[in-house]
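Colleague: Before I go back to the bench, could you take me slowly through a single part of this model?

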Amino acid sequence: MNEKPTQPSPLFVPEHWQRPKQGRFFDTKEQGAVSLGKGNRPAPSLIKSAAPGVITARLDELAALARSNSLWTLTFGLACCAIEMISTHMTNHDFDRYGVVTWPSPRQSDVMIVAGTVVKKMAEPIRLLYEQMPDPKWVIAMGSCATNGGPYWRSYSVVMGVDHLIPVDVYVPGCPPRPEALQDGILKLQEKIRHDARNADVAPDALTETRS
Amino acid sequence: MTTTDQRQVDMMLNLGPQHPATHGVFRMLLTLDGERIVDMEPHIGYLHRGSEKLCENESYGQIVTLFDRMDYIANLNNELVFVRAVERLMGLEVPERAQFIRVLLCELNRVASHLLFLGTYGLDVGAMTPVMYTFRERERIQNIFESVTGARLMHNYIRIGGIKEDVPSDFTARVRAALEFVKRGVDETDRLLSFNEVFLLRTKGVGVIDAKTAVSCGLTGPNLRASGVPYDVRKDNPYEVYPYLTFKVPVGERGDCWDRYYMRVLECHESISMIEQCLDLLPDGPTMTQTRRIARPPKGEVYVHAENPRGDIGVFLVSDGSDKPYRLKVRPPSFCNLVALRPMLLNSYVADSIAILGSIDIVLGEVDR
Amino acid sequence: MTQPPKPTPPERPARHGPPVEVAQEVFDVQGQETARLLARVVGTNALESGGRDEVPWVRVERERLPHVAERCRDDQSLRMDMLHLLLAVDYVEHLEVVYILLSTQTLRKAMLKARVPANDAQVPTATHLWEAAHWYEREVHDLFGVTFTGNPDLSPLLLYEGFEGHPGLKSFPFHDHDEF
């Protein structure tokens, strides 16, 4: 009788979505090929907190379903990975079937695929592009250069991962990643968008804080 | 009098670094007088990764991977020129089979690179369809690369003294099957795009550069040959097994965008014929010389250049006798081709600027290194 | 961007292994011919010469470098119409500026070298001879701090405005820069 009632966990988080506690380097064996970052989480839903109910909650999820199935990516190739990104969009690995359409302007796009090495001279333009994109927006760091500097980690002019500049949702490893890996990354992003909509009333940082 | 006042005001137009048609992170500031470009200032360095400095701290075997990432459309050609520089310094003789396989794969990579150009150049001038076809053929070539080297893009296959390993047993059959496909694809793109009336209007007589300016700017490769200078390293300073192969070097007349485009179509055909010759001549034997694992070239310096899909790539290597180069400098063909962009753009219309930029086929990874 | 003072780079460890060999420099047939022609064109300006395979080189005084290059370009037997490469090598006590010239007509190659003291790195420009020299000189100025007197525009080409130091030099350290 003296036992304190254990507090139920406020949300269910799949095991592989946790970020490691220290460092930005991932153990790919445990986490699967594609790992997830914190990303730019959407603000808590106003409708849902004002009138909690079944229908409004479902509306959020419905919107997320629509969003996740029509991700427009910014046409934005930086380096070598851009070639594989183009390959993914082209005939053999038709990206269109996931609803992923490449779009030349940041004003109408949802996803920024950072495909290549981010150097310090390019840092400001990248942040500017990210700020030009309307909310909700997501970022995929494609390849090891965008994840943590990759083969250029020793260089004087390379940013050690694009997550120093903008929040990243999905990290796709590889140098360069195969088109299949990028497709997997998009699928993971879709999963994440739907998950975030289901748990939108949780404070943005709850996902990581509840774990520690 | 208002008209004269208005003519004084030039308009500045910024293009890039993120622009769907700049083939990477290239930025240029155009000064316009009405529709006409009166001044142009290119800005590069948005992909400057410091490769040349990094090379000074890597052993010779590791540098091959950095060369892969320099010109990321023609990886094998890049590997070859670096490896040749080290081999010449060490005085290594590469087995014939390895040389044939190197040349064969390099020519395949040249076709793949030109296919990418044909497709994206169509996109630049507004033709959406060809890129779908050219990428279909490009995937076939990349499948061959994958079966031989294990990677689609960054191969790290050509090593100092030979190649990583022998090709798989069904290599010849695979290449022949893919070549049939690619040959058909190149013809198809040629018929679809080259003599299309809209395409001709967009490219004929646009971005003309004469031979003297082109040579002074350091323009090389198909861009230089389009201006009528028959300079090709494979012919003029033959390396590896190119002396054994018979091929023609296409040369243009006017040096406009269409000529530069059509040089690539013709080079695709030549490369395909070279690959077939290599397959016929491919000898048996070892693919690697007996050499130490860690290359230590003797003290000295060497300059080696070779023909890349984009032009004449050179490597200047200074060795101090250790396992790391003392200084390594690359002559990137795209860098020099970009110098020629300014004379091409001046006095042309702003609507043609993308067609001109696309026609010199730059790779920013190589421009900035 | 304020940067903390950079520590001095660690000494390169003494190398182990076999003794240093020196490459033999042997001309081939074309190289011999080019070296002969080059020696005639450069004349008394040559301080030292050598070369291997098909590429001979000649070292001249740095003030004479563009002058000699111009003579190589205009000479009828060499006709070096293309500046193939312009680079600098840092030998710590001095820098070396190298021109690699190429002829698209006679298909010959040659190198012109000039030593530049590290504390007074100045070379006359070659922009009046070749268009390509503009960008090469800006790049060398970026990475090595060599000033090309007479070049109208030496603004940073590869590096961004405000970058401190010259990363091509041997004194520039590896990876102790600020994380972004």
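In chain A, what percentage of the contacts with a separation of 6 or more comes from residues 24 or more positions apart?

Modeller: Residues are numbered from 1 along each chain as its sequence is written, while chains are lettered from A and ligands numbered from 1 in the order in which they are written. The model is predicted, and local features need pLDDT of at least 70, side-chain atom pairs count only at pLDDT 80 or more, and totals for chains, interfaces and linings use all residues. In chain A, residues 24 or more positions apart account for 81% of the contacts with a separation of 6 or more, a contact being two residues whose C-beta atoms, placed from the backbone, lie within 7 Å. Those contacts belong to a chain with 8 helices and 6 strands, where helices (H or I, at least four residues) and strands (E, at least two) are DSSP runs numbered from the N terminus. Read from the N terminus, the order of elements in chain A is α-β-α-α-β-α-β-β-α-β-α-β-α-α. Of the 212 residues in chain A, 44% are buried, which requires 20 or more other C-beta atoms within 10 Å of a residue's own, whereas 12 or fewer count as exposed and values in between as partly exposed, with C-beta atoms placed from the backbone. Taken together, chain A combines 8 helices and 6 strands with a contact pattern in which 81% of the contacts with a separation of 6 or more join residues 24 or more positions apart.

Turning from chain A to an interface, the contact between chain C and chain B takes 32 residues from chain C and 33 residues from chain B. Strand S3 (82–90) and helix H3 (133–144) of chain C each supply at least two residues of the side that touches chain B, and S3(C) gives the most, with 6 residues.
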